[in-house]
Amino acid sequence: MIEIFDNIIPLNVRDSIYLFIANSSYRVVGWTDTSELELSHRHQLHSRWTLEDLQNSKIIPYIEKVLQKSSFKDYNMKDFDQCVVNLVKPGDHYYTHTHLTGTISILYYVNLRWEHNWAGETLFFKENMKDIEFASPYVPGRFILFDTEPHTIRPQSNIGPAFRFTLGIFLKKKESSNVG
């Protein structure tokens with residue numbers, strides 16, 4: 001199940017979150033969302049965030065609001081597992097993958113301005129990981145909640161901004177819950 005929420009965060013707060021993310025410390029790491037060793041040499045830029053970083057960014061009340069509007073109503077930030085900021089550049093390459101079993105994924109599109117002709121979509125695939133089920137345009141301020149759907153990042157075109165930021169928040173699934 002894929003759920004989309006737009007226009008949850010006021011623009012002045014989105015601007016503050018953007019600046020907080022732009023000033024994060026980024027590391028070059030190998031591809032870590034797959035168990036395929038032959039892909040581990042591919043590099044990406046990301047910043048690992050703590051729950052404290054999320055609190056300092058001022059985004060938590062809006063994540064909680066989205067959760068309450070979603071089918072994941074039984075979840076809140078007490079279920080926090082991890083958070084990663086992906087920094088994507090034109091020409092980067094990403095692979096179709098799923099996130100860790102036992103997590104709920106929340107994506108937040110951070111950039112303040114985006115044009116459709118810049119690309120940057122998130123592509124969600126059917127279980128066969130070949131056929132596209134849904135393509136989410138990169139819409140500034142958008143939240144996307146999902147469970148284990150295979151997906152990938154489509155980097156922005158060369159005419160787009162130098163950086164495409166996405167915040168990925170992962171919550172631990174509740175074992176006894178039928179949510180999701």
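Strands β6 and β7 make a hairpin, with six residues between them. In this predicted model, the turn includes M129, whose phi is positive, at about 60°. The two strands run antiparallel and are joined by four bridges. At T122, the bridge partner over in β7 is S136, while F124 stands opposite F134 of β7.

The hairpin belongs to something wider. Add β9 and you get an open sheet of three strands, ordered β7-β6-β9, with antiparallel pairing. β7 and β9 take the edges with a single partner strand each, so one side of each has no neighbour in the sheet. From one strand to the next, the twist averages 20°. As a general reminder, strands of a sheet pair through backbone hydrogen bonds, and they can do so parallel or antiparallel.

Now for a residue in that edge strand β9, which covers residues 151-153: H151. Is H151 buried or exposed? Its relative accessibility is 3%, and buried means under 20%, so H151 counts as buried. The H151 side chain gets to the backbone oxygen of E149, at 2.9 Å. Leaving aside residues up to four places away in sequence, H151 also touches a run of others: Y95, T96, H97, T98 and H99, then T122, L123, F124 and F125, plus F146. Two of the names in that list, T122 and F124, have already come up in the hairpin, T122 as the bridge partner of S136 and F124 as the residue opposite F134.

On to the helices. Helix α1 has twelve residues and reaches 16 Å from its first C-alpha to its last, close to the 16 Å expected at 1.5 Å a residue. Its buried residues are V13, R14, I17 and I21. Looking down the axis of α1, they fall within an arc of 100°, so they line one face of the helix. Turned away from that buried side is a face carrying L11 and N12, which are exposed.

Helix α3 can be read in a similar way: I60, Y62, I63, V66 and L67 are buried. These sit within an arc of 160° when seen down the axis of α3, so they too line one face of their helix. What do the buried residues of α3 pack against? Their partners are the helices α1 and α2, together with the strands β1, β5, β8 and β10.

Here are the two helices side by side:

| Helix | Residues | Buried residues | Arc of buried residues |
|---|---|---|---|
| α1 | 11-22 | V13, R14, I17, I21 | within 100° |
| α3 | 60-69 | I60, Y62, I63, V66, L67 | within 160° |

Key: Residues are numbered from 1 along each chain as its sequence is written. This is a predicted model: local features need pLDDT of at least 70, side-chain atom pairs count only at pLDDT 80 or more; totals for chains, interfaces and linings use all residues. Side-chain values use heavy atoms; hydrogens and water are left out. The expected span of a helix is 1.5 Å times one less than its number of residues. Buried means under 20% relative accessible area, exposed over 50%, partly exposed in between (1.4 Å probe, protein chains only). The arc is that of the directions from the helix axis to the C-beta atoms. Two strands pair if DSSP finds at least two bridges between them. Contact means heavy atoms within 4.5 Å. A polar contact is a pair of N or O atoms within 3.5 Å; within protein, one must be able to donate a hydrogen and the other to accept it, and residues adjacent in sequence count only if both atoms are side-chain atoms. Axes are lines fitted to C-alpha atoms, for helices over the stretch in contact, and angles run from 0 to 180 degrees between N-to-C directions.
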